[in-house]
Amino acid sequence: MKHGLRILGFFLGMGVLRGVWAQPTDWIERPSLAKAQQYLLELRIPEAEALLRAEDSTHNALPTLLKARALFFKHYVESEHSTLGADAQRFERLLESLNVDHAAGQPERLAAIAELHLMRAFIQLRSGDQWGAAKDGFRAYQRISTLRERYPQHPLGRFAQGLISATAGSLPKDYAWITRLVGIEGHVGEGMTQMKSALDHPGLRSDPVFGTELAYMYLLIRYHLLDDAKGSLADYGCDPSSSSFLLYLEAQLLMASGQNDRAIDLLTLRPRGPDRVAYPLMDLITGKALLNKLDPRASSWFVRYLNASKSVDRPYAALRYLWWEAQLNGHGERAALYADNMRKMLPKSEADRQAEVDFKAGFNPVLVRSRLLFDGGYYRDALYELSNQSPDRCCATEREKQEYRYRYGHILFKLGRWDEAEVLLRAASLCDEATYHCAASHLYFAEVLAHNGKRDEALKHYRMAQDLKGYPFAEGVQRSAKAKAQSLP
């Protein structure tokens, strides 16, 4: 699944939740329901479903929403390519039961219906059904619009509207048909402001059933669109240590903010067992966090991921990491074995396609070490790795030299050494190839230019980053470039 769709899926699938002024006749919070929601976050889905079966869904709509969430979570973590499968009809019945109830106009129920439509839109997007996703997205947008019209000051409505605005405002050009079809006009900065304002409402932010997920969504969007890794789920009263789902984001934030060691602790100690639905992707992420530190334990986690009983979505990516690890440690025979396996394999995912690009580029120890250290937030170690080697000495091809300049400039950017970063990234951006390194050079060069007060030149390079496509994870760069361009004064 493409990186941009995965991000969009997170935006759509999890973000539209409930408010705080419930009508007690048909939206009733109970401790058992808060516990069921916590079980869902911890991927203890059978236990959550057992609690929900004992709840009265006839007079209380909240269990219906949570039952649908259980179905979504179960299929979401199973595979990046899974659909609702045999649960599709049950999901539809749950959605219909919320639609036909007499209290469909209350804010909580409007939001619940929108959320279920958006969940299904995400599932359809990643399975390739763009038309079905557009229809569900439109129905969700109708509910959100009604919510905003009837309850303009309700924090739930503000959050939902901000979510839609930020998502629509960052869509690349190739997805403009979606916003035209639905009639949405978005702006990332305005959407983020709306979400933050709603999340700051004390009732919504501290809600025992849904507050955690609102915080998750806000931090996720801020990180992926604005490259802002500041903050933690703990800042919002959330404990990610018991939840693989929450750890997916928390680990990314920690690694990007120079706390890779903390990410390793959380990932390696996270609860696992037969009471929790397996989430194989977390083993891959654990291996990557360890490899960022060049820790010898990394390989065992990649092997664990490849041997997962569930479908493995990124086998090529895992083998690429094992190949790197073997090369870095001088294990030539193992490296040759991993390379042979990759030659026999077709990429399955966007991450796999990037791994194929990396494999075909060959192994450059300086570039690989600096890349891993950078990914873990070890910026000064990454800088030391590059500064000890000139590009003419360590890079055999012009493409390697271009990557060297990009990585060196990006590290300087992260360290706030703006003038030096401008020099390196200007050199790196002298390219127009459809590659990640070229597009990212334009993106971060624009960032530095904007910081240094060169607005017009920054806008030019943001646009160049948006125009390059056809390489793995292109949509992620395009979305970030569009969001950043919107934020220029």
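**Exercise 1. Find which ring lies under the charged end of R320, and give the distance.**

Solution. The charged end of R320 sits over the ring of Y321, 4.1 Å from the ring centre. A charge counts as sitting over a ring if NZ of Lys or CZ of Arg is within 6 Å of the ring centre and within 35 degrees of the ring normal. R304 lies over the face of W301, 4.2 Å from the centre of the ring.

The model is predicted, so local features need pLDDT of at least 70 and side-chain atom pairs count only at pLDDT 80 or more, while totals for chains, interfaces and linings use all residues. Residues are numbered from 1 along each chain as its sequence is written, and side-chain values use heavy atoms, with hydrogens and water left out.

**Exercise 2. Classify the ring pair of F72 and Y76, and place both residues.**

Solution. Step 1: a pair of aromatic rings is described by the distance of the centres and the angle of the planes. Rings of Phe, Tyr and Trp (its six-membered ring) pair if their centres lie within 6.5 Å; planes under 30 degrees apart count as stacked, over 60 as edge-to-face and the rest as tilted.

Step 2: the structure holds 16 aromatic pairs. One of them joins F72 and Y76, with 5.7 Å from centre to centre and 20° between the planes, and it is stacked.

Step 3: F72 and Y76 both belong to helix α4 (residues 62–78), four residues apart, about one turn of the helix. Helices (H or I, at least four residues) and strands (E, at least two) are DSSP runs, numbered from the N terminus.

Step 4: F72 and Y76 are both buried. Buried means under 20% relative accessible area, exposed over 50%, and partly exposed in between (1.4 Å probe, protein chains only).

Step 5: ring pairs also link F72 and Y76 into a cluster with F73, F122, Y216, F245 and Y279.

**Exercise 3. Explain why the pair of F413 and Y444 is tilted, and state which helices it links.**

Solution. Step 1: the ring centres of F413 and Y444 are 5.4 Å apart and the planes stand at 55°, so the pair is tilted.

Step 2: the pair links distant parts of the chain, with F413 in helix α23 (residues 398–414) and Y444 in helix α25 (residues 436–451), 31 residues apart.

Step 3: F413 counts as buried because its relative accessibility is 10%. Y444 counts as buried at 9%.

**Exercise 4. Describe the surroundings of T435.**

Solution. Step 1: T435 is placed in the loop between α24 (418–428) and α25. With 17% relative accessibility, T435 counts as buried.

Step 2: the side chain of T435 reaches the backbone nitrogen of C438 at 3.2 Å.

Step 3: leaving aside neighbours within four places in sequence, T435 is in contact (heavy atoms within 4.5 Å) with R399 and Y471.

**Exercise 5. Decide whether L43 and L294 are buried or partly exposed, and give their phi.**

Solution. Step 1: L43 has a positive phi of about 60° although it is not a glycine. L294 likewise has a positive phi of about 60° and is not a glycine.

Step 2: L43 lies in the loop between α2 (31–41) and α3 (45–53), and L294 in the loop between α15 (281–292) and α16 (298–306).

Step 3: L43 is at 2% relative accessibility and therefore counts as buried. L294 is at 38% and therefore counts as partly exposed.

Technical notes:
A polar contact is a pair of N or O atoms within 3.5 Å; within protein, one must be able to donate a hydrogen and the other to accept it, and residues adjacent in sequence count only if both atoms are side-chain atoms.
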